[in-house]
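Please open the structure in your viewer and keep the selection tool at hand. We will go from place to place, selecting a few residues at each stop and reading what is there.

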Amino acid sequence: MKTILLFDPRFPLNNPRRLTVADELASAAVRAGVAAAANPSEAGALAAGAPLSQADMTEVVMQHGLTNTALARVFVPLSVALVGASLGILAPVGRQLGGVAPTPSLTLSGPLSFTAGAAAGTLVANISGVPAGVTPTITPNDGRLAVAGDQASGWKVVVGLSASTSGTIALAVASAGATGTSATVTVNASSVPPTFTGLYVLATRDGSVGQTYTAPSGMTGYQWYREALAAPRARTPIAGATGATRTATQDDINFRLVVTGTVNGAATEARSLHVVLPQPLIIESFETLTGWTTAAGAELALATDGVEYGANRLQMTSTGSANARAVKDNIGNFDTSQLGVIAWCGDLGMDEGRMGGSAEIIMIRAGSDQKVTSSASGAFNTGATDTGVNYETPSPIHIGKRWGAYNVSEIPGLASAGFSTVGLKVQNGGNIPYSQVTKYDALLARAGGRPTIIFSFDDNILTQYTNAYPEMTKRGLRGVFYVPSQITQNSNYMSTAMLREMYDAGWDCGWDSTHNDNISSSFGTMAAWEASLQLNRDWSAANNMPRGTGHICWTHGQIETNPPSNRVRLPTSTTDGTNVMTVTDTTGITAGMRAVGHNIPNSPITTVVSVDSATQVTLSANVPAQTKPVYFVDTSPEFYTMKLPKRAREIGIKTARTTRNQGGTLTRFGLADTGMFSLGHALHNISYDDFCNLLDQVILRGTTIEFYTHGVQDNAPATYSELSDFKRKLDAVKTRVDAGSLDNLVWSEVMLRDGSASVPTGLAAPTPGPTSAISYINGSIGNTTPAAVTNQKTGDLLLAFAYRDGGSPAPVLPSGWTQIATDWASNSGYTLCYRYATADGETLPTFTGATNVVVLCYRGVSGIGAVSASGTGASGNAIVPAWTLQKTDGTSWAAYFGGSRSNSSNLDTGINRIGHANTSTTSDAGASDSLGTITAAPAYTIGTSGGTTWHAIGVELLG
């Protein structure tokens, strides 16, 4: 019903009559020009449609009023009278109505808007003017909108089953026997994350470009969409993508793929847990031993087991010395600033006795190691680093292999733009006995995964349901609850019904590692622990909560007896080829302990047969004659170090969360062996600012992170989260989720996405830069007269740094040599000069006045370019000042030289080319270079000065 102001055009001075009549009659009067809408907001809708004639004013009696029972005697045009007569609510006075009733017009009224993600059936508009016995139709007819209702209750346009994105829809309505109409429908944005459906699109390998995405089994009638990552997550249908699978293309990058269709007769959708990413790049695949040089006793071999990419991985064995390492000077000429996230896979093996505690890959650029200097180094190491070895209380341990990751923007030396030659160092670290075996594999660029946060909750605390659950639900976030099944029977904790409600809302049901929240090792035997864990498994099955099972948290973060078993590390031991070992002290060593060290047999393990004296033990196996460090450990306890995690994996445990705050873990290419020690971070022990910084690091590196807590309440005790702080941190997460930079998943979803992920095959290398003809040949040193350079040929460049400690002046420039620079200060100085050799193996001259001479030989150098200023100081590091290169096209090299008046410096040993120590004058000198091409020459630390006067200089070599 609509209220109109009806007037008689024959008597324009008369006041109009206010009548409430049927919508169709009101519209006819307005379109005939004899009425106006009483409510201005309805004027447009009533005027919609073709105009009607104002001719032949006819006296009629019409029904009016909200109940349509009052009568009014008025004059209206014949066209209006015919509409009213067709509706049965009007009759003429003193005449018959002739002619044909005009075609009625459809009208739309109502909200004409809805919010993206609104439930199917939500009202969009009312349709008026539909003739009896006719069903209206709408355009577009793509499922976003639908027709509902009937003649009696009224026809409507409602939200359909297909998803709509924010924006507008051009709606047109038509019906037989009526004039159609149209309107613009506004689709408002929604910041609410998609509703949990339990249906997912799965992808091969890492889901990057070229990988195959597959719709859920049983779905038919497919349509694939690209979904934007930021709220309101607008979706765009992909033309022609109507099959059960979709191969990701470049156009899909940074979108989530969604498929709609029908399952069991019902329209539904499934979303991918992946976001389509560019394929990673392969920087080094470790296929051969060519180009590698070793130091600190490292032994290299190729291994074919457990390879992540290609056919081989590089195996490096420490042979009793700390920091065993290998270097490859040239792995390519490329612009490291374009590499994004660097990732690599390291495997420290399953033998806990030989695990030294660290393994790292370090890229070398401009002659310097490029390492993260913040809390993370991209290494698996013993410090508190978020890509370090997974440690667990009370002992530091690591199991198998895992991925490390960092972003080049975190390392200034890699973030600077420009092509340059890049080298690589792999290094084992750790503790005595330095017998670690590490396998290095798949150094990748552009390798960050989808940043992800997992929330988890321990111990079944009631406030997880009363406080955490509703606050997370408000923000569209979900989590994992780890159930100690015995506690569900206590009224002070969450009931099974509460857990069921959370589970049905998409939360995962994980397990505590024991049924009663006691420490796993407190059960005394492995069998008793397994029986306790089985009670949690049985509880999940009995209550039909399978999703998330197999994911546990280590109770109190402990996986072995505390204190741990006896362990003795000795820096030296001597053997003679028999099973007798001489040590410095046998205190703490007992029969039965395992002996670990280089060349000590491991299969079967070697044990102590007897302790013969204060300095001698007898072993169960012969050991070659050697003097090496040794490690004795008692492996007999039931819960010794690795036994519990290994057993957990054997009985089907997928992940086991620790209580170690070490940042995110790269899971894009699979969890490898990380699962038994998935890193857990105490949400209640981190400040809001640190929490946000860690989230942003996860986003920067594309890693997955898990935060856990216990209860959530006001005035929270030590291991609980304060409610206000909890809500503030949730808001920080939601902001990043809505921005499209972070996903909130549960463990079952992470496993669906990454549990069986792997590195794609056939990867491209980084875009190469220009080539340079320069190559380093060799070097030579001496007090005043160095020997001829080995392998030097005619035409090679000889570059000499002659340093003088004491006396004056700087060393004399030899005949036939060209001076580059010289300096004298604080009773020391140098002369830097060069010459092109005119014969093979040319005899080098005497550099009169020098105490240390260092000569470098290069091939393919076209000339000397720019030279740095002379750096000098009285202590601290010897630093070559930054300088501007003559050529920045990536064809130049840089050579760096330094001298110190102290033998305590490392200028003779810490350089990457050659160094010299003069024991008489106690002075040092050394030379490094960029190990390849560069495009810039920042300040370069060539070494330490030893606390006395030093000089340093750099020079550009033109390619």
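Select D23, L25, A26, S27, A28, A29, V30 and R31, which are the buried residues of helix α1. This model is a predicted one, and every stop on the tour should be read with that in mind. The helix α1 covers residues 23-31, and because eight of its nine residues are buried, α1 is largely enclosed by the rest of the structure. Just after α1 you will find G33, whose phi is positive, near 80°.

For a second helix, move along to α11, at residues 747-754, which is mostly covered, with six of its eight residues buried. To see the covered part, select W747, S748, E749, V750, R753 and D754, the buried residues of this helix.

Now zoom out until the whole protein chain is in view. How many helices and strands does the protein chain have? The count is eleven helices and 62 strands. The radius of gyration of the chain is 40 Å, whereas the globule rule gives 30 Å for 959 residues, so the chain is more spread out than a compact globule. If you turn the view along the principal axes, the C-alpha atoms fill a box of roughly 135 × 75 × 50 Å. Of the 959 residues, 54% are buried, and the chain exposes about 35700 Å², of which carbon and sulfur atoms supply 51%. Among the contacts with a separation of 6 or more, 72% are between residues that lie 24 or more positions apart. If you colour the view by charge, there are 60 positive and 69 negative charges to find, and their mean positions are 5 Å apart.

Next, select L108, which belongs to strand β7 at residues 107-109. Is L108 buried or exposed? Its relative accessibility is 10%, and because buried means under 20%, L108 counts as buried. Show the surroundings of L108 and you will find that, leaving aside residues up to four places away in sequence, L108 touches A45, A125, N126, I127, L171, V173, T181, S182 and A183. Then add L202 to the selection: L202 is 94 residues from L108 along the chain, and the C-alpha atoms of the two are separated by 42 Å.

For a pair with another spacing, select P412, which has its place in helix α4, residues 412-415, and which counts as exposed at 65% relative accessibility. Its partner for this stop is K371, 41 residues away in sequence and 9.1 Å away in space, C-alpha to C-alpha. A further pair starts from A936, in the loop between β60 (923-929) and β61 (940-944), a residue that is partly exposed with a relative accessible area of 40%. From A936, measure across to L619, and the C-alpha atoms should be 57 Å apart, with the two positions 317 residues apart in sequence.

Turn now to the cysteines. A disulfide is a covalent bond between the sulfur atoms of two cysteines. How many disulfides does the structure hold? It holds zero. Select C833 to look at one example: the nearest cysteine sulfur, that of C857, is 14 Å away. C833 is buried, with a relative accessible area of 0%, and C692, at 9% relative accessibility, counts as buried as well.

The last stops are about the backbone. Most residues other than glycine have a negative phi, and most peptide bonds are trans. Where, then, does a cis peptide bond join I432 to its neighbour? The bond is the one between I432 and P433, with omega at about 25°, and P433 lies in the loop between β32 (419-428) and β33 (437-445). Another cis peptide bond joins S808 and P809, with omega at about -5°, and P809 lies in the loop between β51 (797-805) and β52 (818-825).

Finally, select R205, a residue other than glycine that has a positive phi, near 50°. R205 is found in the loop between β15 (200-203) and β16 (212-214), where it counts as partly exposed at 33% relative accessibility. Then select N715, which also has a positive phi, about 50°, although it is not a glycine. N715 sits in the loop between β47 (712-713) and β48 (721-722), and it is exposed, with a relative accessible area of 70%.

Note on methods:
Residues are numbered from 1 along each chain as its sequence is written. This is a predicted model: local features need pLDDT of at least 70, side-chain atom pairs count only at pLDDT 80 or more; totals for chains, interfaces and linings use all residues. Side-chain values use heavy atoms; hydrogens and water are left out. Helices (H or I, at least four residues) and strands (E, at least two) are DSSP runs, numbered from the N terminus. The radius of gyration is taken over C-alpha atoms; the globule rule is 2.2 Å times the number of residues to the power 0.38. Buried means under 20% relative accessible area, exposed over 50%, partly exposed in between (1.4 Å probe, protein chains only). Contact means heavy atoms within 4.5 Å. Accessible areas come from the Shrake-Rupley method with a 1.4 Å probe; for residues, only the protein chains shown count as cover. Lys and Arg count as positive and Asp and Glu as negative; His and the chain ends are not counted. The place of a charge is taken as NZ of Lys, CZ of Arg, CG of Asp or CD of Glu. A disulfide is a pair of cysteine sulfur atoms within 2.5 Å.
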